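Here is a short tour for anyone meeting this structure for the first time. Have a look at the sequence and the model, then read on.

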Number of protein chains: 2
Amino acid sequence: MTSPRPNPSAVIRGDALWSGIRDDLRARGLRWTPQRRTLVEVLSKTQGHVTGVQLVERCRAIDPETTPSTVYRTLDVLEDLGLIRHGHGADGREEFHVLPAAEHGHIYCHSCGGTWEIGHDQAASLLETLASEHRFTADLSHVTIAGRCAACLEAPPSA
Amino acid sequence: MTSPRPNPSAVIRGDALWSGIRDDLRARGLRWTPQRRTLVEVLSKTQGHVTGVQLVERCRAIDPETTPSTVYRTLDVLEDLGLIRHGHGADGREEFHVLPAAEHGHIYCHSCGGTWEIGHDQAASLLETLASEHRFTADLSHVTIAGRCAACLEAPPSA
DNA sequence: ATGTTTGCTGCAACCGCTTGCGTTAGGGCA
DNA sequence: TGCCCTAACGCAAGCGGTTGCAGCAAACAT
Ligand SMILES: [Mn+2]
Ligand SMILES: [Mn+2]
Ligand SMILES: [Zn+2]
Ligand SMILES: [Zn+2]
């Protein structure tokens with residue numbers, strides 16, 4: 001859970017993205033273990049959003065011995081390598097973005113529970129304001145904004 | 001527990017903001033209990049940000065029997081009444097904003113752990129974009145944006 | 001092959017917070 | 001003042017995720 005570092009080969013296909021990991025890890029003095037191989041296999045078959053719990057489940061389908069702490073620690077490593085990102089849902093729970101995917105944030109309606117994505121263009125003005133007024137480089141994929149959607153503002157559900 | 005009071009006007013003393021809560025609750029069919037009174041006393045002496053754990057600690061200083069679940073449930077109620085707001089830190093942990101306070105979001109540096117506040121003016125463009133493009137009314141106090149501060153971009157701490 | 005280094009694993013405990021449930025007690029009304 | 005309804009409480013278990021530690025095993029060198 002540290003720094004963003006885009007993987008140069010990330011643009012290509014999913015397979016190509018994940019196939020280089022073994023060497024990426026070794027180049028950094030890290031190790032390629034059966035447990036990591038399992039998680040990477042799961043991730044390479046995953047698109048969009050996943051929670052940590054879902055990933056543990058899917059790993060267990062391949063290797064029933066899978067331990068949560070190992071999975072979460074490996075997710076941290078993979079995020080350092082720039083292969084995944086995580087954000088937090090409205091309740092603070094982790095959600096992982098599996099690459100390749102356009103970087104995006106989320107908006108969440110407190111009333112109906114609906115969620116939508118915010119693209120770079122929609123966030124551009126905020127990111128620029130942060131850059132100029134705070135000299136801050138924001139991580140859009142870690143952004144979740146809560147509030148009320150149009151439908152709920154007009155017709156508040158029962159409350 | 002409650003003994004007759006010779007001087008009915010004595011207890012007041014709290015901020016105008018917090019003094020109406022008892023009646024606010026009753027008007028909604030909710031109840032004014034000793035546990036809620038303790039939490040409200042703590043909140044009325046609190047400014048800025050507090051975590052749930054801190055609030056439980058401070059309640060225990062007044063009433064050692066304080067139970068976490070009761071505190072968190074009461075915090076939910078008070079947020080419904082609009083007396084506090086909560087957001088999530090970069091790690092997803094809850095932080096409560098005690099009113100009166102200008103509504104604001106937070107930015108957080110993944111490298112050095114520093115945090116800063118975003119005011120309404122700095123968020124205005126984002127909020128407007130969300131309103132126009134998604135017809136979404138955002139809750140600024142629930143916003144935490146992670147990224148890197150200027151100092152860390154120029155001189156990454158050891159990484 | 002074998003040894004050595006040290007990153008990684010599994011475990012168990014823990015943290016912040018939530019939830020289901022049986023019991024207590026607030027508070028409107030007689 | 002006492003009754004009654006039900007909101008709120010305390011407890012214990014649970015959930016998502018993290019952490020310290022002792023043993024294990026990748027990786028590289030010999
Ligand atoms: Mn985070
Ligand atoms: Mn704040
Ligand atoms: Zn909605
Ligand atoms: Zn920083």
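## Around DNA strand C

Let's start with a single contact: an N or O atom in the side chain of Thr33(A) sits 2.9 Å from a phosphate oxygen of DNA strand C. That is a polar contact, a pair of N or O atoms within 3.5 Å (within protein, one must be able to donate a hydrogen and the other to accept it, and residues adjacent in sequence count only if both atoms are side-chain atoms). Arg36(A) also reaches a phosphate oxygen of this strand, with a polar side-chain atom 2.4 Å away. Trp32(B) uses its backbone instead: a polar backbone atom there is 2.6 Å from a phosphate oxygen of DNA strand C. Two or more residues of the surface near this strand come from each of helix H3 (34-44) and H5 of chain A, and helix H4 (52-62) and H5 of chain B. Helices (H or I, at least four residues) and strands (E, at least two) are DSSP runs, numbered from the N terminus.

How many residues are around DNA strand C? There are 20, and Arg36(A), Arg73(A), Arg31(B), Trp32(B) and Tyr72(B) come nearest. Of the strand's atoms within 4 Å of the protein, 68% are in sugar and phosphate. A residue is "near" a strand if one of its heavy atoms lies within 4 Å of it. By class, this surface has four nonpolar, eight polar and eight charged residues. Here Ala, Val, Leu, Ile, Met, Phe, Trp, Tyr, Cys and Pro count as nonpolar, Asp, Glu, Lys and Arg as charged, and the others, Gly among them, as polar.

## How to read the numbers

This is a predicted model, where local features need pLDDT of at least 70 and side-chain atom pairs count only at pLDDT 80 or more, while totals for chains, interfaces and linings use all residues. Residues are numbered from 1 along each chain as its sequence is written, chains are lettered from A and ligands numbered from 1 in the order in which they are written, and side-chain values use heavy atoms, with hydrogens and water left out.

## Around DNA strand D

Now for the other strand. DNA strand D is surrounded by 21 residues, and Arg26(A), Tyr72(A), Arg31(B), Arg36(B) and Thr70(B) are the closest. Sugar or phosphate holds 71% of the strand's atoms within 4 Å of the protein, and bases hold the rest. The surface near it divides into four nonpolar, nine polar and eight charged residues.

Arg31(A) goes for a base: one of its polar side-chain atoms is 3.4 Å from a base nitrogen of DNA strand D. Glu94(A) has a backbone N or O atom 3.0 Å from a phosphate oxygen of DNA strand D, and Thr33(B) places a polar side-chain atom 3.0 Å from a phosphate oxygen of DNA strand D. H5(B) gives the most to this surface, with four residues.

## Strands in chain A

Strand S3 (residues 94-98) of chain A pairs antiparallel with strand S1 (residues 48-50) over three bridges and with strand S2 (residues 84-88) over five. Strands pair if DSSP finds at least two bridges between them. Val50(A) has Phe96(A) as its bridge partner, and Ile84(A) stands opposite Val98(A). Five residues lie between S2(A) and S3(A) in their hairpin, where Gly92(A) has a positive phi near 90 degrees.

A further hairpin joins S4(A) and S5(A), again with five residues between the strands; Gly113(A) in the turn has a positive phi of about 80 degrees. These two strands pair antiparallel over four bridges, with Tyr108(A) opposite Thr115(A).

## The cores

Which residues touch the most other members of the largest nonpolar core? Leu130(A), Phe136(A), Ile145(A), Leu130(B), Phe136(B) and Ile145(B) do, out of 27 residues. A second, separate core has 22 residues, among them Cys59(A), Val71(A), Ile84(A) and Val98(A). A nonpolar core is a set of buried Ala, Val, Leu, Ile, Met, Phe, Trp, Tyr and Cys residues joined through side-chain atoms within 4.5 Å.

Thr129(B) is in helix H6 of chain B and counts as buried because its relative accessibility is 14%. Buried means under 20% relative accessible area, exposed over 50%, and partly exposed in between (1.4 Å probe, protein chains only). Leaving aside neighbours within four places in sequence, Thr129(B) is in contact (heavy atoms within 4.5 Å) with Gln122(A), Ser125(A) and His134(B).
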